Structures are given as structure tokens and as C-alpha cells.
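Here are my notes on the model you sent, set out as numbered points. Please read them with the structure open beside you.

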Amino acid sequence: MYKSIVIGTGPSGLTAAIYLARANLSPLVIEGMEPGGQLTTTTEVENFPGFPQGILGPELMDNMRKQAERFGAEFRNGWVEEVDFSKRPFKVKITGQAETLEAETVIISTGASARYLGIPGEQENVGRGVSTCATCDGFFFRGKKIIVVGGGDSAMEEASFLTRFASEVTLVHRRDELRASKIMQDRARDNEKVKWALNRTPLEVVTDEKGVKGLKVRNNEADQEEIVEADGVFVAIGHTPNTKFLGGQIETDEHGYIVVKPGTTETNIPGVFACGDVQDTKYRQAITAAGSGCMAAMDCEKFLEGAMVHDWSETLDM
Ligand code: NAP
């Protein structure tokens, strides 16, 4: 039985692992489908303190992982399909692995995943002209026209980044007002290759036998449908928290984000903690995720000190 299992390896999970490992709690860290989390799909991280020249997202995550390993964190690959938090020790089941893992505490740091528009032509063309990851797929659109959908910081970042490859990037947003921060908006606006199609609601990804041809949109001002032509559509409309595997055992808000006791990482189940984007609807930054990972490890340590006297057969209130 592990003292602590950390589920998820973004900045929050890996920071929790570093702190737990340094406290001699030998955590088991479970890496899912996207080891390193969202930062592995980003380019330059310019706002993580300590890197005056910036650092590549994957490199930052790789460094954090090595740091956790250096202090004795154990890593395992797999998709957590089921957990049982009804009594301690808690149980964690990984798809395709016979063994059920047991732990005195669990830290949930499963982050959030890219959202899709849910329009015709989108899902069937993922990887064939539709993408949610500019860093992964931008290279394939060298000299081509690209659409980025969204009005937040992600969309601005993706649009600016994609101009490295594309001949032209059109930013399609459903309102005429952007939600992105001023600095990110300015950066995109200053880029001559970025064109703007504001106040346009995406309706359908248009394709022919060769692939993506563009995006059918409703021009909300003119109240008519139009086609914005492009060879690729990058969807950058935010994220959904990865909490389905919890099977409703942990309290979440209406969007699925884990609810933690304010100022802590405690969930509604004593001994289960949450950190990073899976519980953060406000800040969602690498540094705040890392900070909350540190909090989770410290909350966990405190819990273990007190919990040692508990009877393991104790059934928790759900
Ligand atoms: P976001 O701020 O939630 O923005 C999502 C955008 O997508 C919004 O403009 C929204 O439109 C649009 N959208 C949502 N659903 C849509 C739909 N079904 N159809 C069409 N458009 C839709 O998400 P985000 O840009 O991913 O940013 C998330 C957080 O990460 C933010 O706190 C952001 O500051 C942070 N972030 C920071 C950086 C950075 O600083 N380098 C980079 C990326 C992200 P409406 O505006 O109309 O709602």
C-alpha cells in the first residue's frame, strides 16, 4: 500500500510528487495519456518564474519529472478508470492492469482537456485538418491558411504561434469582443498575418475529398452564413476538467471542477486532495497549478500525521 498516489503529471501533480518524495512519503505517480499535461502542448513558457529567457513547455515538465524521480517518486503509465473512496485505504484501478492499487491518501491532479465545438465535420477530421494543439500540428500547415477558433488567451497564443508556419491565420470568434488579456490580444493584433473574423459563430467544418476546406460560420451582424476558407481549423475554446473517472464520489461544481475547501486542497473526502486545473476555475496558470500541488502535498502530509491513529476499517460519510 502506498502512502500517497498522485493521479496526473502536470505542474500540480509533479510538484506534489516532489514535495511528497522529499518528505519520504514515496508517492506513486500515475501518468495518463498526456504525460506532462497541457504544457507539453504549448511552446515557450514565458511567465514561469526562474526562466528569464523562457523555457519550452515540454522541457519544463521533463525537468519537474526528473526532480520528482531524483527524490524517489515512482511513476506508472496508465489510465485510471475507477476509484473507490468509500473507505480507506482508497483503491485506484488502472485500465488493463489486474492489480488494484491501494493508498492511504490520493492527490487528484488530472487537469483539464481541450474542448471541441461539437459541430458537423469536426470530430471526423481530428488529425486530418482539425486540431486542438498548435504545437503538435502547426508544422503540417506550412505555407497554408489556418483558422483558429476562440476569443481567449489560448486562441491568441495559438494564432500568433501558427503564423510561424501559415501564410495566413484567421481568428474566428463568436462575439465581437475578445476575452483574452490585453497583452495577448495586442500581440495577435500586431501580427500582420493574423486576420479577424469576429462575431461569427462556427457552424460546420467544410471538407472535400482532399480534406478541410474551411469553416462555415454565421455572420451574426449580417445574419447570414459564410464560408471562411482554410486548410486547417484549430479549436482553442477552453478546457473541460478530467473528473469523469471519479464516478461522482468527489464533490464537483456544475462544470465538473472539483470543489475544495477554500484556502486548502481538501475535497469532501478526508484524505483525498485536489490541485491544479482540475479544481481551478479562475487562475489556471502553470505557476498556480504548481503552487497548489505544493499545498496538496503539505495537506496530505499533515493528514497522514493525524490519520495514522485512525482505524482503517472506518467507513467514510459519502
Ligand atoms: P477561455 O478563456 O475560457 O476562452 C474560451 C474562448 O472560447 C472564449 O472566447 C469563448 O467565447 C470561446 N468559446 C467557448 N465555447 C465556444 C463554442 N462552443 N463556440 C465558439 N466559441 C466558444 O479559455 P482559454 O483561452 O483556453 O484560457 C483558459 C485560461 O488559461 C485563462 O485563464 C487564460 O488566461 C489562461 N491562459 C493563459 C495563457 C498565457 O498567459 N500564456 C495562454 C493560454 C491560456 P466567449 O468569449 O464568447 O465565451
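**Notes on the ligand shell, the domains and the sheets**

1. The shell around the ligand draws on both domains: at least three of its residues come from domain 1 (2-114 + 239-317), and at least three come from domain 2 (123-235). Keep in mind throughout that this is a predicted model.

2. The domain assignment of the protein chain gives these two domains, domain 1 (2-114 + 239-317) and domain 2 (123-235). Domain 1 is written as two stretches of the chain, 2-114 and 239-317. The C-alpha centres of domain 1 and domain 2 are 33 Å apart.

3. Which residues come nearest to the ligand? Of the 19 residues around the ligand, these are D153, S154, R174, R175 and R179. By character, the shell divides into three nonpolar, nine polar and seven charged residues. Helix α4 (residues 153-162) gives the most to this shell, with three residues.

4. Some polar contacts to the ligand can be listed by residue. D153 has a polar side-chain atom 2.6 Å from an oxygen atom of the ligand. For R174, a polar side-chain atom lies 3.0 Å from an oxygen atom of the ligand. With E157, the ligand partner is a nitrogen atom, which is 3.2 Å from an N or O atom in the side chain. On its own the ligand has 920 Å² of accessible area, and the protein covers 79% of that.

5. Turning to the sheets, one is an open sheet of five strands in the order β10-β17-β11-β12-β13, with parallel pairing. Why do β10 (130-131) and β13 (194-197) each have one side without a neighbour in the sheet? They stand at the edges and each has a single partner strand, so one side is left without a neighbour.

6. Within this sheet, look at the pair formed by β12 and β13. Strand β12 (residues 168-172) pairs with β13 in the parallel sense over four bridges. Across this pair, T170 stands opposite K195 in β13.

7. Another open sheet has three strands, in the order β14-β15-β16, and its pairing is antiparallel. Here β14 (200-208) and β16 (224-229) are the edge strands, each with a single partner, so one side of each is left without a neighbour in the sheet. On average, neighbouring strands of this sheet are turned by 30 degrees against each other, direction ignored.

8. The pair β15 and β16 can be followed residue by residue. Strand β15 (residues 211-219) and β16 pair in the antiparallel sense over six bridges. K216 is found opposite I227 in β16. In the loop between β15 and β16 lies D223. Phi of D223 is near 55 degrees, which is a positive value in a residue other than glycine.

9. One peptide bond should be checked by eye. Where in the chain is the cis peptide bond that joins R88 and P89? P89 lies in the loop between β6 (80-84) and β7 (90-94). Omega of the bond between R88 and P89 is about 0 degrees.

Note on methods
Residues are numbered from 1 along each chain as its sequence is written. This is a predicted model: local features need pLDDT of at least 70, side-chain atom pairs count only at pLDDT 80 or more; totals for chains, interfaces and linings use all residues. Side-chain values use heavy atoms; hydrogens and water are left out. Two strands pair if DSSP finds at least two bridges between them. Helices (H or I, at least four residues) and strands (E, at least two) are DSSP runs, numbered from the N terminus. Axes are lines fitted to C-alpha atoms, for helices over the stretch in contact, and angles run from 0 to 180 degrees between N-to-C directions. A residue is near a molecule or strand if one of its heavy atoms lies within 4 Å of it. A polar contact is a pair of N or O atoms within 3.5 Å; within protein, one must be able to donate a hydrogen and the other to accept it, and residues adjacent in sequence count only if both atoms are side-chain atoms. Accessible areas come from the Shrake-Rupley method with a 1.4 Å probe; for residues, only the protein chains shown count as cover. Ala, Val, Leu, Ile, Met, Phe, Trp, Tyr, Cys and Pro count as nonpolar, Asp, Glu, Lys and Arg as charged, and the others, Gly among them, as polar. Domain bounds come from an automatic or database domain assignment.
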